[in-house]
Amino acid sequence: MKAAEVMKVLAQHRGDAVVVCALGMAANEWWSATKSEDSFYMHGAMGFAASFALGLALAVPKTPVWLLNSDGSLSMNTGCLITEGGQQPKNLKHFVIDNQCYQTVENMPMVGQGVVDYAMMAEGAGIKQTATIATLEDLAAKLPGINAAEGPYFIRLRIEAEPNYQRVPPAPYEGPEMKYRFGRAMEKKLGVKVFGPRGY
């Protein structure tokens, strides 16, 4: 599977889920596939998309939350799995894009390349439902069941490393603009109040 193909399949099955993307390839490819304004694209905080997604899932327990993490980002913060296992958020689905390299920095090999099984790590941390998926057909077949199941659910997506990968242009905004676009989208989507009259 290639990242762009995976994102297209995920987008077809997203439904009403709020999506949080790890910085780098996950964020860039999701934006390219969806141009989604009600997704949060992590910038400058490698490893912490999982913490953000968990906090969001706990804050809006009736709303499905998807985390599109990466193997590099997960490796920076494997403790997030223990926290997810401890909190047991029923509305959280944690996808990891596993290409066994840091693709956005010239395909540098991932620590533990070919050895680490992230799904087994998640299960050991208390996340009872896990899956490893390596084909688009399997992904499309399993997504309805994944969506219907209570979380937490951890899904390892084995994709190809792309040696000639050209960085997909990311969302054309970041920082404060990201905060306000996402916050306003959540106010509209969920009918909640995120910002006060002065914008915070």
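A salt bridge is a side-chain nitrogen of Lys or Arg within 4 Å of a carboxyl oxygen of Asp or Glu. In this predicted model, Arg14, Asp38 and Lys189 are linked in a network of such bridges. The structure holds eight salt bridges.

**Salt bridges**

Three of the pairs are set out below, with the distance between N and O atoms.

| Pair | N to O distance |
|---|---|
| Asp117 and Arg156 | 3.6 Å |
| Glu177 and Arg181 | 2.5 Å |
| Arg184 and Glu187 | 3.2 Å |

The side chains of Asp117 and Arg156 meet in a salt bridge. This pair links distant parts of the chain, its two residues being 39 residues apart. Asp117 sits in the loop between β6 (108-109) and α6 (118-124), and Arg156 belongs to strand β8 (residues 153-158). Which of the three classes, buried, partly exposed or exposed, does Asp117 fall into? Asp117 counts as partly exposed because its relative accessibility is 24%, and the partly exposed class lies between the cut-offs of 20% and 50%. Arg156 has a relative accessible area of 9%, so it is buried.

The pair Glu177 and Arg181 lies within one element, helix α8 (residues 175-190). These two residues are four residues apart, about one turn of the helix. Glu177, at 37% relative accessibility, counts as partly exposed. Arg181 also counts as partly exposed, at 32% relative accessibility.

Helix α8 holds the pair Arg184 and Glu187 as well. Here the spacing is three residues, again about one turn of the helix. Arg184 has a relative accessibility of 42% and therefore counts as partly exposed.

**Ser39 and its surroundings**

Ser39 lies in strand β2, which covers residues 39-41. Is Ser39 buried or exposed? Ser39 is buried, because its relative accessible area is 0% and buried means under 20%.

What does the side chain of Ser39 make a polar contact with? The partner is the side chain of Trp30, at 3.0 Å. Trp30 is also one of the residues that Ser39 touches when residues up to four places away in sequence are not counted. The others on that list are Arg14, Val19, Met178 and Phe182. Arg14 thus appears twice in this report: Ser39 touches Arg14, and Arg14 takes part in the salt-bridge network with Asp38 and Lys189.

Technical notes
Residues are numbered from 1 along each chain as its sequence is written. This is a predicted model: local features need pLDDT of at least 70, side-chain atom pairs count only at pLDDT 80 or more; totals for chains, interfaces and linings use all residues. Side-chain values use heavy atoms; hydrogens and water are left out. Buried means under 20% relative accessible area, exposed over 50%, partly exposed in between (1.4 Å probe, protein chains only). A polar contact is a pair of N or O atoms within 3.5 Å; within protein, one must be able to donate a hydrogen and the other to accept it, and residues adjacent in sequence count only if both atoms are side-chain atoms. Contact means heavy atoms within 4.5 Å.
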